[in-house]
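Trainee: Please take a close look at the salt bridges with me. I would like the partners, the distances and the exposure of each side chain.

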Amino acid sequence: MNAVQLLDRILDPVAQAFSPEVAHRIVELRADGDMQARIDELATKSNKGELTDEERAEYKNYVDVIDLISVLQAKAQQVIDVAK
């Protein structure tokens with residue numbers, strides 16, 4: 001089981017507590033402009049093989065958090081779809 005699958009399974013009970021309002025807020029979550037710019041910068045450097053060790057660790061942290069939020073957003077979307 002990979003990390004995203006594990007998160008999906010672990011977060012099932014959390015998602016069951018989402019109201020439609022909370023689900024909409026979660027689906028709408030986005031990084032702010034500064035954070036998105038930093039993620040884009042690190043992604044570009046990563047694709048070019050130019051990350052320092054510190055940047056690689058920072059980028060991994062972003063990717064891990066994005067994975068978590070993506071799973072939550074998918075679960076929130078399911079709540080919204082069921083509520084329709």
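**Salt bridges between helices**

Mentor: Start with Glu55, which counts as buried at 11% relative accessibility. That label applies because the cut-off for buried is under 20%. Keep in mind that this is a predicted model. The partner of Glu55 is Lys45, and their closest N and O atoms are 2.7 Å apart. Lys45 belongs to helix H4 and Glu55 to helix H5, so this salt bridge ties together parts 10 residues apart in sequence. Lys45 itself is partly exposed, with a relative accessibility of 22%.

Now take Glu58. Its salt bridge goes to Arg38, with the closest N and O atoms 2.7 Å apart. Glu58 sits in helix H5 and Arg38 in helix H4 (residues 33-47), so the parts tied together are 20 residues apart in sequence. Glu58 is partly exposed at 24% relative accessibility. Arg38 is partly exposed too, at 22%.

Next comes Asp8. It pairs with Lys75, and the closest N and O atoms lie 2.9 Å apart. Asp8 is in helix H1 (residues 3-10) and Lys75 in helix H5 (residues 53-83), so this pair links parts 67 residues apart in sequence. The two ends carry opposite labels on exposure: Asp8 is partly exposed, with a relative accessible area of 36%, while Lys75 is buried at 5%. Asp12 comes in here as well. Shared salt-bridge partners join Asp8, Asp12 and Lys75 into one network.

The full count is 7 salt bridges.

Key:
Residues numbered from 1 in each chain as written. Predicted model: local features only at pLDDT ≥ 70, side-chain atom pairs only at ≥ 80, totals over all residues. Heavy atoms only, no water. Salt bridge = Lys/Arg side-chain N within 4 Å of Asp/Glu carboxyl O. Helix = DSSP H or I, 4+ residues; strand = E, 2+ residues; numbered from the N terminus. Buried < 20%, exposed > 50% of the residue type's maximum accessible area, 1.4 Å probe, protein only.
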